[in-house]
Structures are given as structure tokens and as C-alpha cells.
Amino acid sequence: MKRNILIGLLLAFTMMLITACGSTGNDASKFEGTWIAYDKNNGVAELTIESLDKQAIVSMTTYKYKALMDGSSSGLIDAQILSKTGETATVHEDYLLQKNNGAIYSIIGNVTNNRINLSKDNTTMSILYNEKDNTLLIENIVFRKKSDDNSIQKYLPEMQETLKSASIEKNKEYMKNRMNQPTIQFDFTFDDSILDNVQ
Amino acid sequence: MKNILKLSLLMIALVALVITSGCGKNNFEGTWIGYDGDKTMYRLSVQENGDSYLITEDAYTYKPSKDYPTPAGYLPSFIRNENKSKNVTFDINFVLTKQKADLTSATAQLNKDKDQLIVGKGLGNVHFIEKDSTLLFNGIRFKKETSQDITNNVLKQLQFAMNQELKVKYHQYGKRGLNNLRDHVILGNITFDDSALTATK
């Protein structure tokens, strides 16, 4: 009888130790990791969630290209206005990938079931976990777990193509009614060095 | 039976010791280095003072020692393709500058769970993140300044951010720029003066 009580006591203390110091039963664990969302117009967003038992630290960073040239420095204005039919004019369009930490950065949120509720400066926001397809939803933006097929690097070529097409189409539209019809050659560069520096 | 009893008592004492010691005491005291992920470094100093804590937070950013130089511009010429622009070299010296402190010796109280310092004044709490022994305060993650490397790593990030800023400012006047009505800019020596940190120490 005494022996049973002692074993029971030992078990109880061991349980206390595990629940006090361990991380079992962690509600936020399903949110943990890096999540990526891509939108053609808004760029790539990276959501990082660290689990803290029933809370989580949430950070969101967006990546977008910034144009480094204007109409004069790219040579576009000269090409469109000064070049004549039969001439070839080069246009330099250069872009720099930039990151923006935005409002949700290292914010502690409370986890309730499939939701992380965040609050900052009197505004609230929630992240919903969709267990059916293991995705996260912030308003109507869907975040998927980061993988080889779903990373910032993976979406850069698509973002670059969107910018290239937009410039070429805009120029075509502008040139279609011009008297002079030079050949305008676009030379694009994209600087993604920010990704080498991300910690 | 006696041995089991002794062993059990010993185990209980051991477990009780671990529990009462709080599974590793949260140690807020010291100097902590934080980074906003962009162009600002934070230094949080936490000092135990009786039953409360004193907190000071300083922010540091790089600023050019002089205003950014602007390449000269020229009026358009009637002679087509006339190129008046010349090459100019700009050296930029960035000085690490201490911003106005948000917190100077503010008093904070340890919460009941001993994992947060309550600063008050609408400034939020300083959270101790046990899993990686960091602090989280106002959206900034702080690592304890256990060596100079912690600070140096953040300074490297700030320096990278300033170099990116120079690209945004001057790339269009560089060798890829096709505007012949502006001087062409070559970035020369880009230097960083961190003496503000030594002065603080």
C-alpha cells in the first residue's frame, strides 16, 4: 500500500516537472515555421511563426522590386522621342529587391484552436490555420509552408517577367502612334543581394 | 522497503528543488542588442534595483557625415548626342548616431510568472523568450551582448542596409545610367564610424 502511494507521488512529481518545463501539448506548434504567399501584384510575403506554448511570435516580411532608373536615366525618354526609324536605342531598366517588415513584426499573439490573434496599436488581426490543406490565411491571402517549390527565390523569375512584360507593353502602347519607329531594346537587370544578407 | 522510501524521498527532494528553482531563472539583467531588420540597432540595458529593474533603451542609426552629394546637371544642348557629363567620385562616411532615447532609467516590475518585465507608460512589457534566451520588447528581438560579435553582426546588417540605400540613390547616375545631362557617379570609399558605441561604453 505504502509502496503504491510512493510510486504515485513519484509519478505526480514527474508529471509536474514535464508540464512545468517541457513543451508538450503545444497548441501553437502547427503554426510554427516559415510560410510563403505570392501575389503577382503585391510580390512575395514571408511569414515566420515561432511557437511559445499557447502563444506565438509572428513576423511578416514582404519582398518587392524597386526600380532604380527613371525615364531619363534608363534612356527611355531619349529612345522614344529622339531616336528615328531604323535606329536601335537601348534602354537600361534595373531593379533592386527590397524587403519591408511592415506592421506585423515580432508580435506576440495568442493561440486559440486554429487561430492566432494578434493585436497592435488598437488594431487586431488573426491568422487562421486551415487544417484541410495545411495552409494559413490572413484575410484572403493564403500562405503555404516554405519548401523548395515554395520559396522567395522560386517566385523571383515570375516577378521579373511581370515587370519586363509591363515595360515592354507600356512602350509598345506609347510608340504605336509615333511618326518615328526606332527599335527599342530593353536591357533588364535584377539585384537580389538582399537575400544573401537575410539572417 | 526502507531503501525504496529513502530513494523516493531523495527523488521528491530533487524534483522539488528543480521546481522551486523555476526551471532556470529568467535573467533579464545585462546589456542586450536588438535589430529592427532595417536600419536601426537597439541597445537595452537592464539593471536589477532592489525589487524592481531599471531599463534604458538607446537606438543607433548610420547617418552620412555630410548631406548626400548630388551629381551636377546640365541644360539640354541643341547639338544632338552632345555629352557634357563627366565622371565624379563620391566618398561617403557614415557615422553611427545615437538617437534620442525612448527609455532612460525607466522602472519595471517583474511579473508573477517571472518571464516579463512590466514597463508601463503604454510601452508594453519586456518578454523573456526561454527557448533561445532572448528578449522581445516593442517588436524588437534582443540577444544578450555576451561578446562583441553580437553587436558586430548587427552593425554589418546596418552597413548592408546603407549600401542598399546608396544603390537606390546613385545607381541611376552610375555606369548603367544613360542620362547625359548629369555627371556620372562612381562610389569611392564608403566608410563607417562606430565611435558612438565606444563613447557609450
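**Exercise 1.** In this predicted model, find the strand that holds B:Phe128, and decide whether B:Phe128 is buried or exposed.

*Solution.* Step 1: B:Phe128 belongs to strand 7 of chain B, which covers residues 125-129. Step 2: the relative accessibility of B:Phe128 is 12%. Step 3: buried means under 20% relative accessible area, so B:Phe128, at 12%, counts as buried. Step 4: in sequence, B:Lys114 is 14 residues away from B:Phe128, and the C-alpha atoms of the two are 8.6 Å apart.

**Exercise 2.** Describe how strand 1 of chain B pairs with strand 2 and with strand 9 of chain B.

*Solution.* Step 1: strand 1 (residues 30-35) and strand 2 (residues 41-49) run antiparallel and are joined by six bridges. Step 2: within this pair, B:Val46 is the residue opposite B:Gly30. Step 3: the two strands form a hairpin with five residues between them. In the turn, B:Gly37 has a positive phi of about 80°. Step 4: strand 9 (residues 140-144) also runs antiparallel to strand 1, with four bridges joining them. Here B:Ile33 faces B:Lys143.

**Exercise 3.** Place A:Ile81 in its helix, classify its exposure, and name the surface patch residues that accompany it.

*Solution.* Step 1: A:Ile81 is part of helix 2 of chain A, residues 76-81. Step 2: its relative accessible area is 44%. Step 3: partly exposed lies between the 20% and 50% cut-offs, so A:Ile81 is partly exposed. Step 4: together with A:Ile77, A:Leu82 and A:Tyr174, A:Ile81 makes a nonpolar surface patch of about 340 Å².

Key
Residues numbered from 1 in each chain as written. Chains lettered and ligands numbered in written order. Predicted model: local features only at pLDDT ≥ 70, side-chain atom pairs only at ≥ 80, totals over all residues. Heavy atoms only, no water. Patch = residues over 30% accessible without salt bridge, like charges linked within 9 Å, V, L, I, M, F, W, Y side chains within 5 Å. Areas by Shrake-Rupley, 256 points an atom, 1.4 Å probe, with all protein chains shown as cover. Salt bridge = Lys/Arg side-chain N within 4 Å of Asp/Glu carboxyl O. Buried < 20%, exposed > 50% of the residue type's maximum accessible area, 1.4 Å probe, protein only. Pairing = 2+ DSSP bridges.
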